[in-house]
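Biologist: Could you take me through one part of this model at close range, the charged side chains that pair up, and then show me what surrounds them? I'd like one connected account rather than a list.

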Amino acid sequence: MQLFYSSDIIPPMHTLSEEESKHCVRVLRLGIGDMLHITDGRGNLYHCRIVEAHQHHCTVEVVETFAEYEKLPYSLTMAVAPTKNIDRYEWFLEKATEVGVSRFIPIECDHSERRTIKHDRELRVITSAVKQSLKAYHPALDELTPVKKVIAAPFEGQKFIAHCDQNFSEREYLPTIIKKNENILILIGPEGDFSPEEIKFALENGFKPITLGNQRLRTETAAVVATVMVATING
């Protein structure tokens, strides 16, 4: 199945962007009468027929619509500190999108090694992963946000913070405390971990301290492991 992404699609007719048109006509060599799929990133999957195969403005006709296509029974927000090597963070965005995430929040922490990201670039990474993994839901991507702002913001659901500081109360193994079919928010800190002040603030605001196992994991690995754990528990 060839999947394209167009957030502004309105049936029955739609013209792909110039970039998507070029990929469709010149790269994939699709022509009039060929079928493809488009998602709006909000759960709608459109089965379309090409009616004009132009490399700058390929036009399609929607012949069938699938609403809430492969909708997940849970909502997962991953608030993760960007890594110094941005390629590692982008790897996380890609793999987590494939597994299933509703929202990404890049967080700035006391020990952060990276305090800027290119939002448009990271959004393209997510969009590419959506298309490659045939998702009908496009995860949201927030701007870089101070972690304490994320902690203090209202959130209806389960809230977890993964940290390694032994000076705080005992941490629970994430798969043993996840409740199925609920909203989940997980905080993953930078390579230097969250500061004691950040951990204390999170615990005071209802976050439960968690561990992802005995292995020492890098930020992006921990974030992917947590994403997979949530998906596995939810079946």
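Modeller: Let's start with glutamate 98, which is partly exposed at a relative accessible area of 32%. Keep in mind that this is a predicted model. Glutamate 98 meets lysine 95 in a salt bridge, with 3.7 Å from N to O. Both sit in helix α2, 3 residues apart, or about one turn of the helix. Lysine 95 is partly exposed too, with a relative accessible area of 25%. Side chains of opposite charge can pair when their charged atoms come close.

That pair is part of a bigger tally, as the structure holds 12 salt bridges. Another one joins glutamate 68 to lysine 71, where the closest N and O atoms are 3.8 Å apart. Here glutamate 68 counts as exposed, at 51% relative accessibility, because the cut-off for exposed is over 50%. There's also a network of salt bridges that links Arg88, Glu191 and Glu220.

Now for a pair that reaches across the chain. Glutamate 20 and lysine 131 meet through their side chains in a salt bridge, 3.2 Å from N to O. This one links distant parts of the chain: glutamate 20 belongs to helix α1 (residues 18-27) and lysine 131 to helix α3, with their positions 111 residues apart. Is glutamate 20 buried or exposed? Its relative accessible area is 8%, so glutamate 20 is buried, the limit being under 20%. Lysine 131, at 23% relative accessibility, counts as partly exposed.

Since lysine 131 brings us to α3, let's look at that helix. It has 14 residues and spans 20 Å from its first C-alpha to its last, close to the 20 Å expected at 1.5 Å a residue. Its buried residues are His119, Glu122, Val125, Ile126, Thr127, Ala129 and Val130. Among the elements covering them are β1 (3-5), β3 (35-39), β7 (103-108), β8 (140-141) and α2, the helix that holds lysine 95 and glutamate 98. After α3 comes leucine 134, with a positive phi near 60°.

Both α2 and α3 also feed the nonpolar interior. The largest nonpolar core has 33 residues, and those with the most contacts inside it are Met78, Phe92, Phe104, Leu174, Ile186 and Ile188. Elements giving it two or more residues are β6 (75-80), α2 (86-99), α3 (119-132), β10 (158-162), α5 (174-177), β12 (183-188) and α7 (219-233). Of these, α7 contributes the most, with 7 residues. Take isoleucine 188 as a close-up: leaving aside residues up to four places away in sequence, its contacts include Met78, Val80, Ile107, Ala162, Phe194, Leu212, Ala222 and Ala223. Apart from that core lies another, of 15 residues, including Cys109, Leu187, Phe194 and Phe207.

One more helix is worth a look, α6 (residues 196-204). Its buried residues are Glu198, Ile199 and Ala202. Seen down the axis of α6, these fall within an arc of 100°, so they line one face of the helix. They pack against α4 (147-152) and β10, the latter being one of the strands that supply the largest core. Following α6 is glycine 206, which has a positive phi near 90°.

Note on methods:
Residues are numbered from 1 along each chain as its sequence is written. This is a predicted model: local features need pLDDT of at least 70, side-chain atom pairs count only at pLDDT 80 or more; totals for chains, interfaces and linings use all residues. Side-chain values use heavy atoms; hydrogens and water are left out. A nonpolar core is a set of buried Ala, Val, Leu, Ile, Met, Phe, Trp, Tyr and Cys residues joined through side-chain atoms within 4.5 Å. Buried means under 20% relative accessible area, exposed over 50%, partly exposed in between (1.4 Å probe, protein chains only). Helices (H or I, at least four residues) and strands (E, at least two) are DSSP runs, numbered from the N terminus. Contact means heavy atoms within 4.5 Å. The arc is that of the directions from the helix axis to the C-beta atoms. The expected span of a helix is 1.5 Å times one less than its number of residues. A salt bridge is a side-chain nitrogen of Lys or Arg within 4 Å of a carboxyl oxygen of Asp or Glu.
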